[in-house]
Each structure stands twice: as C-alpha cells, then as structure tokens.
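Please look over the sequence and the three-dimensional structure shown here before reading the report on how its strands and helices are arranged.

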Amino acid sequence: MKAVLLFAVAAALAFGGGYGFGRIEAPQDAAPAAAAETVAGGPYYVEAGQLVVPMLDRGRTIAFILTQITLEASSADDALLVRRRLPHARSAMLEALFDLAGHGRFNGPAVDPQGVATALLAGANGSLGVSLGGRDNAQPVRAVLIDRLLRQDNTRL
C-alpha cells in the first residue's frame, strides 16, 4: 500500500514539475514563432478535391479522366471567397472537363496539362466572377495546380 501511495506522489510531483517547467519556457519560445507567421504572407491554396469525368464513344464509357486539383488564390480574402463558393467553382471546372472530353482533348497517348489547367482556370474564375460584387477584372483564382491527371481505360466493354 505504501508503495502505491509513494508511486502516486512521485508521479504527481513529476507531472507538476514538468508542467511548471513547460509554462516557464513556453512564452519565450512562442513569441518568435508568432512574429514569423505575421511577416510571411505566403501563397493561399484551396483544395478543390478530385473530379472524375467519363469519356464516351457511341454511348459507351471508354475511359474515365481523374483529376486532383488545388486552386491558388490571390489573397487571403480571395481564398475565403473561393472556399465559400467552392461548389460553384467545382461545377464550372467539371463543365470545362466535360467540354474538353467531348472535343477529344483526352484522346491519344499524351494530354497537354497546361491547356487543361487554362480551361479549368477560366471556368473557376468565370463562376466566381458573379459573386465579386463590383470588383472589375478581379480574378480570385490565380492558378490551377493539377496534382493528378490520369486516364483510366474501361476494360469492361
């Protein structure tokens, strides 16, 4: 019984000492980190997620196009706007991908990722331009970053 009580007291003292030491050291370490965060404005990214588009030929699905997209915003306010209106931007980007697939841009062995990114950028900025409220020529999305772009052929024909 004494051993259990002695162990509990030792554990409480060790916890209290560690907690107290951490509280004394924390303010000195936290100040430089906070200053570094306020200085850096950095790029602002919004994950748009995955978009999947089927490729059709004579009414049959011959392949699927899978894209993983990240949007780069111009500022923190624009990133917030893009996050709030992300379903509209995703819808416009899906329409752009369907248009590209319908025109055969994904046919063949190679795809131009820059052309795909340009079409997605136009779609995203076009859908967000309605909600800008008077800001002329403002483009909240600076760039479309394609993390993954692949074509999965349908083997179940």
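What follows describes a predicted model, beginning with its sheet and moving on to the helices and one loop residue.

The sheet is open and made of three strands in the order S1-S2-S3, with antiparallel pairing. Because S1 and S3 stand at the edges and each has a single partner strand, one side of each is left without a neighbour in the sheet. Neighbouring strands are turned against each other by 20 degrees on average, direction ignored. Between S1 and S2 the antiparallel pairing extends over 13 bridges, and Tyr-44 has Ala-73 in S2 as its bridge partner.

Two helices are placed against these strands as follows.

| Helix | Strands | Angle |
|---|---|---|
| H2 | lies across S1, S2 and S3 | about 40 degrees to S1 |
| H4 | packs on the sheet, touching S2 and S3 | about 125 degrees with the direction of S3 |

In helix H2, which spans residues 76-84, the buried residues are Asp-78, Ala-79, Leu-81 and Val-82. Seen down the axis of H2, these buried residues fall within an arc of 160 degrees, so they line one face of the helix. They pack against strands S1, S2 and S3 and also against helices H3 (86-102) and H4 (113-128), whereas Asp-77 and Arg-84 are exposed on the other side of H2.

The loop between S1 and S2 contains Arg-58, a residue that has a positive phi of about 55 degrees although it is not a glycine. Most residues other than glycine have a negative phi. Arg-58 is also exposed, with a relative accessible area of 79%.

Methods: Residues are numbered from 1 along each chain as its sequence is written. This is a predicted model: local features need pLDDT of at least 70, side-chain atom pairs count only at pLDDT 80 or more; totals for chains, interfaces and linings use all residues. Side-chain values use heavy atoms; hydrogens and water are left out. Buried means under 20% relative accessible area, exposed over 50%, partly exposed in between (1.4 Å probe, protein chains only). Helices (H or I, at least four residues) and strands (E, at least two) are DSSP runs, numbered from the N terminus. The arc is that of the directions from the helix axis to the C-beta atoms. Contact means heavy atoms within 4.5 Å. Two strands pair if DSSP finds at least two bridges between them. Axes are lines fitted to C-alpha atoms, for helices over the stretch in contact, and angles run from 0 to 180 degrees between N-to-C directions.
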